Structure formats: structure tokens, C-alpha cells
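Colleague: Before we start, could you take me through some of the words used for this protein and show how each one is earned?

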Amino acid sequence: MSSSIQNPASSNQHQAIGIDLGGTNIKAALVDTQSAQTLATLSKPTRDGEFENNTPHFAFTVREIIQEFEAQAGSKLAVGLSAPGLANPNGQCIDWMPGRMHGLEKFDWSAFLERDCRVLNDAHAALLGEVWAGAAKNCRDVFMLTLGTGVGGAIYSGGRLLSGKIGRAGHLGHISIDTNAPRDDFNTPGSLEDAIGNQTIAQRGEGRYATTHALLDAYAAGDEHAKKIWLTSVRHLAAAIASLINVLDPELIIIGGGIAVGAGDRLFDPLATFLDDFEWRPGRNQVRVVPASLGDSAGCLGAVFNLIQSH
């Protein structure tokens, strides 16, 4: 467990709790809803797959975190929660999350926690956090890509989050960039996720690199094979981004996730070069591409912002 207290003196009338429920850790923040300032943070293991009386263990951990924050605040607080999967359109629960986070599907958080709790997808929450307090502050049209094991995404258009009919909107990693390539886990042929996500690095790197970070180290050292593999992946990413620009017409694009953080300029420099070639820029309108700025706090802040917007 980790904990930090930054400013416990803020008035609890303007406080809420943001929970980012991940497969490995549960990250949480006590947030000032007026300033978007994080007042305190907590992180505890998720322990996915463990149950107590048919209730997932992580639910009890979330409740313990809330109790700790409320002890600091001195009052009962509203909660926003983000998690993997497709969120219920009414924000009551995660409707669909197969294969992991056992017990999460259909779990009624408001009933369990005995308070108002708004639920949304974790990638949606990360973008909302960046819109509220990060790289996309004051933006009305922006989309986000997160590059990690897979490729996540979210869209903010016309000043609102796009969730779609069943919460599926924003799965930008599952657009097709090669219809002749094998299908990904979501049945998409030649997806962006397979083109740059860490889960396919063994195949793309012909078995030479265990992780994308290893590939990047070889690329930085001047290895020609690594250069070819990495630049091919970034070229695919640029083609996908250029296509999404034509669909969504954003003012800003945010790129986050572990791969982006680890790559830094090794990602953003060649990406800019490829976008100079691919991007349609009528009237010389070029879309800015920036790194995510909130790190691990994005999901927690986004969960609170979603809570605020729902009232």
C-alpha cells in the first residue's frame, strides 16, 4: 500500500473520491471538485480472482479506501469509479468485461457502497482527467490513444465524451490498418493494437525482443533491424492517427500509456515526420499531438469529473 497526503485542510463540501480499478492495483484519490486538486492518494493491490462470500475482494478494498478518505474528510463523500470494460449507459456498473476482473460484470457499486457511485470505462476516465486538469484542459475536441500491452482510446467531441449506444465508442486500438493481416482479440483484421501494442512484439520483432522497451533500447543503439520494426510500427500509428483526424477533426491528440512514456522522443519525433506525410491539413491546419500529462492520476481525476458532470 502507498499513501500520500498533500492538502487535507480543504473544505470537505467540495471533495469527492476517484477510484481507478485496475487489474493489478486499485489507485484512488481524494479530489477537490472545484480546483481539480488531488488532496490525497492511495494505492492497494487488486487481488483479482479472490472472493469473500461470493463478492470480489477488490470491492471490499475499494470500501476500505473510501472509509480512509472519509475519516480524513469527516463526512460521507460521493464516489466516481473507473474500470476496464463497457460501462452501463446509466453509469451503474461495468456491463461487459470477459476473461479478467472476475466479479466486476454487473456489480452494483452504488448498492454495495451505499452511496452515489458513477462508473465508467478506464480509458474514458483517463481522457476526462486530461480534459479536466491535464494536457487537454479547455479543449472541446480531442482524442486519446494509450499505448501499452494493447492500445486503448477515448474520444471527447463537441465538449462531451463519446460513449456510444453500448459504451463501445473509443476502442481506437481496434481500427483496421491492414485487412490482410490476422484478426485481433476483437475480430479486427490488422488492428492498430496488433501493429504497436506490446502483446505482439515477439511476432513483430521476429523473436528478438521480449518487450517494446527492449526494442526501443536496440533502436536507440542504432540496431538496423530494431529501427525497421519500430519505424514500421510508428508508421502504422501515424496512418491510423491521420485517418482518425479525418473522422473526428480534433484540436488536439493525446498519446499516453507505458510505451509512450518509455519511448519519449523516439516515438514523437518519427511520428511527426510520418504525419507530415499523411495528415490532410486544409488551410494549413495541423493537429497538435502531445503526451499525456497526468500519469497514474488521470483515471481517478476523470472518474471524479464524470461524477461532477452527471449531476
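Modeller: What follows is a short set of questions about a pocket, a sheet and two residues. This is a predicted model, in which local features need pLDDT of at least 70 and side-chain atom pairs count only at pLDDT 80 or more, while totals for chains, interfaces and linings use all residues. Residues are numbered from 1 along each chain as its sequence is written, and side-chain values use heavy atoms, with hydrogens and water left out.

Colleague: Why is Asn 306 called buried?

Modeller: Buried means under 20% relative accessible area, exposed means over 50%, and partly exposed lies in between, with a 1.4 Å probe and protein chains only. Asn 306 has 16% relative accessibility, so it counts as buried. Asn 306 lies in helix 10, where helices (H or I, at least four residues) and strands (E, at least two) are DSSP runs numbered from the N terminus. Leaving aside residues up to four places away in sequence, Asn 306 touches Arg 118, Val 119, Leu 120 and Leu 128, a contact being heavy atoms within 4.5 Å.

Colleague: And why is Asp 223 described as partly exposed?

Modeller: Its relative accessible area is 32%, so Asp 223 falls in the range between the two cut-offs. Asp 223 sits in the loop between helix 6 (212-220) and helix 7.

Colleague: Which residues lie nearest the centre of the second largest pocket?

Modeller: They are Pro 89, Leu 120, Leu 161, Ser 163 and Asn 306, out of 19 lining residues. A pocket is an open set of points on a 1 Å grid over the protein atoms alone, with protein on both sides within 12 Å along at least five of seven lines, and lining residues have an atom within 4 Å of a point. Strand 10 gives the most to this lining, with four residues.

Colleague: What makes strand 13 and strand 15 the edges of their sheet?

Modeller: The open sheet has five strands in the order 13-12-11-14-15, with mixed pairing, and two strands pair if DSSP finds at least two bridges between them. Strand 13 and strand 15 (288-291) each have a single partner strand, so one side of each is left without a neighbour in the sheet.

Colleague: How do you know that strand 14 and strand 15 pair?

Modeller: Strand 14 (residues 252-256) and strand 15 are joined over four bridges in the parallel sense, and the requirement is at least two, so they count as paired. Within this sheet, Leu 252 stands opposite Arg 288 in strand 15.

Technical notes: On a 1 Å grid over the protein atoms alone, a cavity is a set of points where a 1.4 Å probe fits but cannot get out, and a pocket is an open set with protein on both sides within 12 Å along at least five of seven lines; lining residues have an atom within 4 Å of a point.
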